[in-house]
Amino acid sequence: PYSHNIFIDGLCKQKRFSEAICCFQELRARKELQLCTVTFNTIMSGLCNTGYVDVAKLFVGMMLKYGLVPDRFSYASLAHGLSVAGRTEEALELCEDMEMAGIEPDVVTYNILINGFRILGLMDCVWRLVREMILKGLEPDLVTYTILITGHCESGSVDVGMRIRKEMLVRGFQLNIVTYSVLLNALSKQGRLGDVNQMLDEMKTAGLDMDIVAYSTLIYGYCKLGEIDKALQVCNMMRSKIVPPN
RNA sequence: CCACUUUAGAGACCAU
């Protein structure tokens, strides 16, 4: 029953928007299949992830004409598009509109905005939002923490990043491969081989599988650390495994 | 271990 949405999503994810929109128009012309909010969300999300936020916004007007109301997915897609474009203030306003429309911000909403301010390097705004979400009874999740670590590592304080990692462990969070990749990247850029090895030990203990980004990060990191033989070793290890492409 | 849509990580390439 959702095959048309799945199809449009596939086209969007391959950035084949003209075909996606063709398909969309065809659905629009054929009355028996109803366009629904998900159909619009799929297109908008695809556009937003490709930098066409303003085009995506046009679809909001269109969906309203169809009597469809944007849901939290619609708002999240747009807010994300704005955030990664460095337009986090606009994203913030959009989320306020969402709240006015009766949709409460959730962890994803906050993560999007927090990441937006992280991209702008505004860590004070980042923390302001973290405090705000906690006050609203929302718990920062693994994604939130990863953004925080990324932000601090980027702004030069890998130690703060490591402290947040410790905080996560204390609070019972299992770091995942993304979080470790962030740390590996920052630590090797800082020349902290000892810490890199400690993280690798932790990952092994936790039974985490390396993925393609982690491998690439580690190979690059070892090269930066001057450990070319280690880098080659990782290359060979990677070759002997099946690593899903991204 | 999964079936319609939203959030976090690397490098390379290209452009500037």
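This report covers the RNA-facing surface and the cysteines of a predicted model.

## Surface around the RNA

RNA strand B is surrounded by 36 residues. Asn 5, Val 38, Asn 41, Ser 181 and Ser 216 are the closest. Of the strand B atoms that come within 4 Å of the protein, sugar and phosphate make up 45%.

By class, this surface has 16 polar, 15 nonpolar and five charged residues.

## Helices that supply it

Seven elements need naming here: α1 (3-13), α3 (37-48), α5 (72-84), α7 (107-119), α9 (142-154), α11 (177-189) and α13 (212-224). Each supplies at least two residues of the surface near RNA strand B. The top contributor is α11, with six residues.

## Polar contacts

Two side chains reach base nitrogens of RNA strand B. An N or O atom in the side chain of Ser 181 is 2.7 Å from one. For Asp 211, a polar side-chain atom lies 2.9 Å from a base nitrogen.

Thr 217 meets the strand elsewhere: one of its polar side-chain atoms is 3.0 Å from a sugar or linking oxygen.

## Cysteines

The whole structure has zero disulfides. A disulfide is a covalent bond between the sulfur atoms of two cysteines. Why is Cys 23 not in one? The closest cysteine sulfur, in Cys 22, is 8.5 Å from that of Cys 23, so the pair is too far apart for a bond. The cut-off is 2.5 Å. Cys 23 counts as buried, because its relative accessibility is 15%.

Cys 48 is in no disulfide either. Its nearest cysteine sulfur is that of Cys 12, 11 Å away. Cys 48 also counts as buried, at 2% relative accessibility.

Note on methods: Residues are numbered from 1 along each chain as its sequence is written. Chains are lettered from A and ligands numbered from 1 in the order in which they are written. This is a predicted model: local features need pLDDT of at least 70, side-chain atom pairs count only at pLDDT 80 or more; totals for chains, interfaces and linings use all residues. Side-chain values use heavy atoms; hydrogens and water are left out. Buried means under 20% relative accessible area, exposed over 50%, partly exposed in between (1.4 Å probe, protein chains only). A residue is near a molecule or strand if one of its heavy atoms lies within 4 Å of it. A polar contact is a pair of N or O atoms within 3.5 Å; within protein, one must be able to donate a hydrogen and the other to accept it, and residues adjacent in sequence count only if both atoms are side-chain atoms. Helices (H or I, at least four residues) and strands (E, at least two) are DSSP runs, numbered from the N terminus. Ala, Val, Leu, Ile, Met, Phe, Trp, Tyr, Cys and Pro count as nonpolar, Asp, Glu, Lys and Arg as charged, and the others, Gly among them, as polar.
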